[in-house]
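Trainee: Before we rely on the labels attached to this model, I would like to go through how each of them is justified. Could we take them one at a time?

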Amino acid sequence: MAGQITAGAQALVMDPRDHVATAIRELAAGESITCYRGGEELQVKLLDPVPFGHKVALQDLPQGVEVRKYGEVIGRTTAPIRAGEHVHVHNVEGIRGRGDQAGTGTTSEGSLNA
Amino acid sequence: MTTLMGYRRPNGDIGIRNHLLIIPTVICSNQVCSRISQLVPETVAIPHQHGCSQIGADKDRTFEVLAGTGRNPNVGGVIIISLGCEVVDPHALAESIRETGKLVEVFDIQSVGGSVKAIQHGTEIARRMRAQLDAMQPEPFPMSELIIGVKCGGSDATSGLASNPALGAAADTLIGLGGGVVIGETTEIIGAEHVLASRCAAPGVSDQLYHIVGRFEREVERMGADMRGGNPSPGNIAGGLTTIEEKSLGCISKCGTAPIRGVIEYAERIPKGGLYFMDSPGNDIECVSGMAAGGAHLVCFTTGRGTPTGSAVVPVIKITGNKQMYLRMSDNMDVDVSDMLEGTMSLEAAGAAVWEEIAAVAAGKLTKAEILGHTEFSINRIGPSL
């Protein structure tokens, strides 16, 4: 799942299908950073400060779509997200383990055999 | 050839430590057990909250964890101290541990005449048994005898990026040599179970994996709770983990890439060789205690936020990919693989660093948790008190 990490990036992308990169140092708003997605070099201008270990969007994402990291779905956007925005609990929610949504038809019951 | 230094038990098991374990069958005996372990060096007590007012599967679970901890190959001798009226049967417990051929003594506080006499009696037994254990010499054994648990706790984003993949590489090395690996934390594979299921050795195994995850998820729904308040934990969220799915996907790389041969119950005996999944909570101490009760020799524990957690009977190796935390909590950390994040340490080199530490600890090197005297223990509970 995790491959070799390329030196020189300020944020790491784990899989070519990913929508987000993880900051490996404190990143300031307005800063331009370099990431490597697959073989592709991406330049991203930060719209928000992004703390160490937190995620930044590599591309624009509308509200209500799946977000990928490690090449897999880590949740769903709860607001539109622009490239360079901080991606965290304020704009992404988990789909699984949502007892608070039991009976509303929005939990993932039934997907276990997918 | 990498070797471990171990103690051959009468049933053929190899222990990498030679503990004298003092087991309270019930919370009422905790104080007596703890006091004896304070009075006799090189003994460890496992105080816990259970052993009485328990029924059915819950009572059985307490018994199995206590018995399994006593049967763990790292334990050379056991003293069981009962109050005398609890639901966990101390003599059945003694019998279950005696099957391994190791030294077992059992008595109850009510019969010997109260706390003072029980402490005196237990101290005499402990001194005598400790002398017997000290006479044993460790011998070299191949690493194929080793079973390790892989666990993460206090995770942050560096866990999924660095320390878990590094531990996974070391887990692959051990399995390649014929050794065994157990991964647990059913809670923390939610959202990543399809990735693990695709690696199961047989369709029956992946069905079991989906079954235990589904059962857990339904329990959470039945409680009407949004898991996100507890998992990712507040610390996980501060560290950059957004959802349970993200946490789970970062978690699973710690078990490497081998096929999963089977799903076993909490505290169930871990089969020798290959990768197994233990149906356990993510709670650090409960999970490590379940692995120890299943017979793991040591546990490798990755953390980004930092934790001092140890175990009563197994060495716990702390591995981190977070440089700042490593420097801040160096008293608690054994291996630092944070250079992976800078691209200056390869995954292979990080895996080798973890593997070298496993080999050293299996040959007798003390972990930071052992040096600091961390002997945490707790039993997963599934039912109400009566």
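Trainee: How many aromatic pairs does a search of the whole structure find?

Mentor: This is a predicted model, and the search finds zero aromatic pairs over all chains; a pair would need ring centres within 6.5 Å.

Trainee: What makes Lys318(B) a residue that lies over the face of Phe301(B)?

Mentor: The distance from Lys318(B) to the ring centre of Phe301(B) is 5.9 Å, and the rule asks for NZ of Lys within 6 Å of that centre, as well as within 35 degrees of the ring normal.

Trainee: Why is the contact of Asp13(B) with Arg269(B) called a salt bridge?

Mentor: The closest N and O atoms of Asp13(B) and Arg269(B) are 3.1 Å apart, and the cut-off is 4 Å, so the contact qualifies. Asp13(B) lies in the loop between β1 and β2 of chain B and Arg269(B) in the loop between β10 and β11, so the pair ties together parts that are 256 residues apart in sequence.

Trainee: Are the two partners, Asp13(B) and Arg269(B), buried or partly exposed?

Mentor: Asp13(B) has a relative accessible area of 9% and is therefore buried, since buried means under 20%; Arg269(B), with 47%, is partly exposed, because that class ends at 50%.

Trainee: How do you know that Arg381(B) and Asp58(B) form a salt bridge, and how far apart are their closest N and O atoms?

Mentor: Those atoms are 3.0 Å apart, which the 4 Å limit admits. Arg381(B) lies in the segment after α14 of chain B and Asp58(B) in helix α2, so this pair ties together parts that are 323 residues apart in sequence. Arg381(B) is partly exposed, with a relative accessible area of 28%, whereas Asp58(B), at 3%, counts as buried.

Trainee: What makes Glu188(B) and Lys247(B) a pair that links distant parts of the chain?

Mentor: Their closest N and O atoms are 3.3 Å apart, and they form a salt bridge; Glu188(B) sits in the loop between β9 and α7 of chain B and Lys247(B) in helix α10, 59 residues apart. Glu188(B) is buried, and Lys247(B) is buried too.

Trainee: Which residues are joined into one network by salt bridges that share partners?

Mentor: Lys151(B), Glu185(B), Lys254(B) and Asp284(B) are joined in this way. Over all chains, the count by the salt-bridge rule comes to 26.

Conventions:
Residues numbered from 1 in each chain as written. Chains lettered and ligands numbered in written order. Predicted model: local features only at pLDDT ≥ 70, side-chain atom pairs only at ≥ 80, totals over all residues. Heavy atoms only, no water. Phe/Tyr/Trp six-rings, centres within 6.5 Å; stacked < 30°, edge-to-face > 60°. Salt bridge = Lys/Arg side-chain N within 4 Å of Asp/Glu carboxyl O. Helix = DSSP H or I, 4+ residues; strand = E, 2+ residues; numbered from the N terminus. Buried < 20%, exposed > 50% of the residue type's maximum accessible area, 1.4 Å probe, protein only.
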